[in-house]
Amino acid sequence: MSGMTTDIELVNKDGIRIDGRTAEEMRPLRIEAGVLNNADGSAYLEWGKNKVLCAVYGPRECHPRHMQNPTKAIVQCKYNMLSFSVSDRKRPGPDRRSIEISKIISEALEYVIFTENYPRASIDVYIEVLQANAGTRCAGLTAASVALADAGIPMKDLVPAVAIGKADGHIVLDLNKEEDNFGNADLPIAMIPRTGEVLLMQMDGHMTMEEFNTALEYGKKACEKVYEIQKDALKRKYSIQSEDTEEPE
Ligand code: CDP
């Protein structure tokens, strides 16, 4: 979110955005659970032009040992953008942004995982962004909770996330790259639909109180949709698996 002024028209006079969406329309979202054989749990997600792969390991003994918590497991997320995921080659390795995103995703996941079941353990979540087009922290978190469920790690609930923003003065759901770059605000949120608990909320830019309330309303409805797609991914994975294991007649 640069808040840069440009001549680009992000929302036209009919309220249509540059990718043809209306204000409250989400980009297409597809999630597949259990895509990696050698991780304990995994998920692959495509959300608009974003492509994200997530792998989960654990609960496993936490190393180095001084990081162990004798009362519960720690959740360590590593969010990483691959060099070819963005238009300017990204320098490999962690930077301030990826360290921040890893931290907020770890905290959101720690809230839902029953960490007290696994003292001294670590639950490791690797998020690899293969292709980025705005909203990757939400895409990463959305994929991560599906991968955790796929790993069989007990959780209170799945964690759907989505970004809402402001472009050309309009509140719009699920910002794309142009809206993120040239828009007026970006508000990523993660919310458990069942309880309304907010596990992640960040704000870049400015919104009035009224705009913020509209954004939250859009976000809440979108999280409900994302949640259904997450559940569907898990159902698909496990219904296929149970068909495979059924005895032939
Ligand atoms: O991805 P998200 O919206 O959660 O985070 P952001 O920091 O608001 O980044 C917005 C977008 O900028 C990313 O999704 C990428 O498409 C792009 N970006 C980039 O092109 N190069 C970077 N080094 C970082 C981000």
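**Exercise 1. Work out the strand order of the open sheet and find its edges.**

Step 1. The open sheet has five strands, ordered β1-β2-β3-β5-β4, with mixed pairing. Strands are DSSP runs of E, at least two residues, and helices are runs of H or I, at least four residues, both numbered from the N terminus. Two strands pair if DSSP finds at least two bridges between them.

Step 2. β1 (29-33) and β4 (74-81) each have a single partner strand, so one side of each lacks a neighbour in the sheet.

Step 3. From one strand to the next, the twist averages 15°.

This is a predicted model: local features need pLDDT of at least 70, side-chain atom pairs count only at pLDDT 80 or more, and totals for chains, interfaces and linings use all residues. Residues are numbered from 1 along each chain as its sequence is written.

**Exercise 2. Describe the pairing of β2 with β3, then place the helices α1 and α4.**

Step 1. β2 (residues 41-47) and β3 (residues 50-61) run antiparallel, joined over seven bridges. Glu46 has Lys51 in β3 as its bridge partner.

Step 2. Helix α1 (residues 96-112) packs on the sheet and touches β4 and β5 (121-131). Contact requires C-beta atoms, placed from the backbone, within 7 Å. The direction of α1 makes about 140° with that of β4. Axes are lines fitted to C-alpha atoms, for helices over the stretch in contact; angles run from 0 to 180 degrees between N-to-C directions.

Step 3. Helix α4 (residues 209-245) also packs on the sheet, touching β1 and β2. Its direction makes about 35° with that of β1.

**Exercise 3. Identify the closest residues around the ligand.**

Solution. The ligand is surrounded by 13 residues (C-beta atom, placed from the backbone, within 6 Å). The closest are Val86, Ala132, Ala134, Thr136 and Arg137.

Methods
Contact = placed C-beta atoms within 7 Å.
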